[in-house]
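Please look over the model shown here. This report goes through its helices, its cores, its ring pairs and a few single residues.

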Amino acid sequence: MILVIAPIILAGYYLWTQAADQFVSRVAFSVRTEKQSSAIELLGGITELSGSDSSDTDILFAYLSSQELVSRIDRKVDLRAIWSRVSPEIDPVFAFDAAGTIEDLQAHWERKISIVYDSSTGLIDLEVLAFDPADAQRIAQAILDECTAMINSLSRIAQEDSIRFTREELGNAVQRLKEARRALTQFRNRTQIVDPSIDTKNQMGLLVTLQQQLADALITYDLLQDTTRENDPRITQAKRRIEVIQARINSERGNLGLGTDKESGDAFANLVGEYEGLIVDREFAETAYTASLAAHDSALAEVRKQSRYLAAHVKPTRAEQAQFPRRKLILALIALFCFFTWSILCLTYYSLRDRS
């Protein structure tokens, strides 16, 4: 029986004389995603106003046990000083050695921080232990603040991912539109023509008028040949008029790119073709810009519809009475373990004795 009684006495002595009281601060929260629905969806009851985002909650649950969070909380509230407030020489089981590494601190974190995660509801419950109730509450509040910052960071990253592609497309469309308008402006400065189509209409009107005058001159020339002598000066004048009109027609046709003998420089028809190509490029750039702007605005509106935030339904509490360590429960477990160990040893001893 000494194997049972001695450990119980030693454990009881340590728990009631050496083990320091620990206070608990509780905090509970969940990740919520608020979605603003349209009027039609609200009337039809198709969507919900809010709900929990399980993937974000899974990330948050893993983050609560990470070394990064332990380091952040340590820098913020000095976990080493809080958990070594009681000297490890007095309470080596529940106190922390301030000279320990970050790995030691993370291992002690898992002993002092109890995390309960309900995956069906997305709720996370925390119990934070410390030797002082104010310290426990400070740690719980720091954890809540860091988790809120992490969720806000995830929300910003998700929003940035949602609009990054449309913003890049909008930037490309704006640049394309600027280049198209710049090319059109350079064309107008080079040719001193605002709209070649208008000048083309004017020149075509002039060409039609010249052709009508040419027809009248030919008719007059034919009539003079039939009614006058060959040496009549009017015939010479009519012939000269026909030659002048024909030369002017050839010149105008050459400017429009319709003649066979073109003068130096671009024919007007080529200028019109170049201008129409620039107009098509500008219209295409404007259409692409309009579509990109609409897609970007739609992405921004979709981002604004969803707001991810951390909802704490239990704020960090402040204990008035120490609840840990649970001395009676620990002593009962030790006694039960010693009793079973003693029973197994007795059974083993009598079994071996009976065989011998």
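A residue counts as buried when its relative accessible area is under 20%. With that cut-off, helix H4 has these buried residues: Leu69, Val70, Ser71, Ile73, Asp74 and Val77. Just after H4, Asp78 takes a positive phi of about 65 degrees. The model is predicted.

**Overall make-up**

The protein chain holds 11 helices and five strands. Of its 356 residues, 34% count as buried. Take the contacts between residues at least 6 apart in sequence: 77% of them join residues at least 24 apart. A search for disulfides across the whole structure finds zero.

**The cores**

The largest nonpolar core has 31 residues. Which of them touch the most other members? They are Phe29, Trp83, Ile139 and Ile143. Several elements each supply at least two residues of this core, among them strand S1 (23–35), helix H3 (54–63), helix H4 (67–77) and helix H5 (79–83). Helix H6 (102–112), strand S4 (123–130) and helix H7 (133–191) do so too. H7 gives the largest share, nine residues.

Apart from this core lies another one, of 11 residues. Its members include Leu214, Ile235, Ala238 and Ile249.

Phe29 deserves a second look. Neighbours within four places in sequence are left aside here. The contacts of Phe29 then include Leu60, Leu64, Gly122, Leu123, Ile124 and Leu126. Leu144, Cys147, Leu310, Ala311, Ala312 and His313 are also in contact with Phe29. One of these partners, Cys147, is buried, with a relative accessible area of 0%.

**A hairpin**

Strand S3 (residues 113–118) and S4 run antiparallel and are joined by six bridges. The bridge partner of Ile113 in S4 is Val128. Four residues lie between the two strands of this hairpin. There, Gly122 takes a positive phi near 75 degrees.

**Aromatic pairs**

A pair of aromatic rings is described by the distance of the centres and the angle of the planes. The structure has six aromatic pairs. Two of them are set out below.

| Pair | Centre to centre | Angle between planes | Class |
|---|---|---|---|
| Phe187 and Tyr275 | 5.8 Å | 35 degrees | tilted |
| Phe339 and Trp342 | 6.2 Å | 40 degrees | tilted |

Phe187 lies in helix H7, and Tyr275 in helix H10 (residues 268–305). The pair therefore ties together parts that are 88 residues apart in sequence. Are Phe187 and Tyr275 buried or exposed? Both are buried.

The second pair sits within one helix. Phe339 and Trp342 are three residues apart in helix H11, so about one helical turn separates them. Phe339 counts as partly exposed, at 41% relative accessibility. Trp342 counts as partly exposed too, at 25%. Ring pairs link Phe339, Phe340 and Trp342 into a cluster.

**Helix H11**

How does the span of H11 compare with what its residue count predicts? The helix has 29 residues (327–355). At 1.5 Å a residue they should span 42 Å. The end C-alpha atoms are 42 Å apart, so expectation and model agree.

The buried residues of H11 are Arg327, Leu331, Cys338 and Ser343. They pack against helix H1 (2–18). For Cys338 the relative accessible area is 9%, which is why this residue counts as buried.

**Between H7 and H10**

His296 has its place in helix H10. Its relative accessible area is 10%, so His296 is buried. With neighbours within four places in sequence left aside, His296 is in contact with Ile163, Thr166, Arg167 and Leu170.

Gln175 is found in helix H7. Its relative accessible area is 39%, so Gln175 is partly exposed. Gln175 and Tyr289 are 114 residues apart along the chain. Their C-alpha atoms are separated by 9.2 Å.

Note on methods
Residues numbered from 1 in each chain as written. Predicted model: local features only at pLDDT ≥ 70, side-chain atom pairs only at ≥ 80, totals over all residues. Heavy atoms only, no water. Expected span 1.5 Å × (residues − 1). Buried < 20%, exposed > 50% of the residue type's maximum accessible area, 1.4 Å probe, protein only. Contact = heavy atoms within 4.5 Å. Core = buried A, V, L, I, M, F, W, Y, C linked by side-chain atoms within 4.5 Å. Disulfide = S-S within 2.5 Å. Phe/Tyr/Trp six-rings, centres within 6.5 Å; stacked < 30°, edge-to-face > 60°. Pairing = 2+ DSSP bridges.
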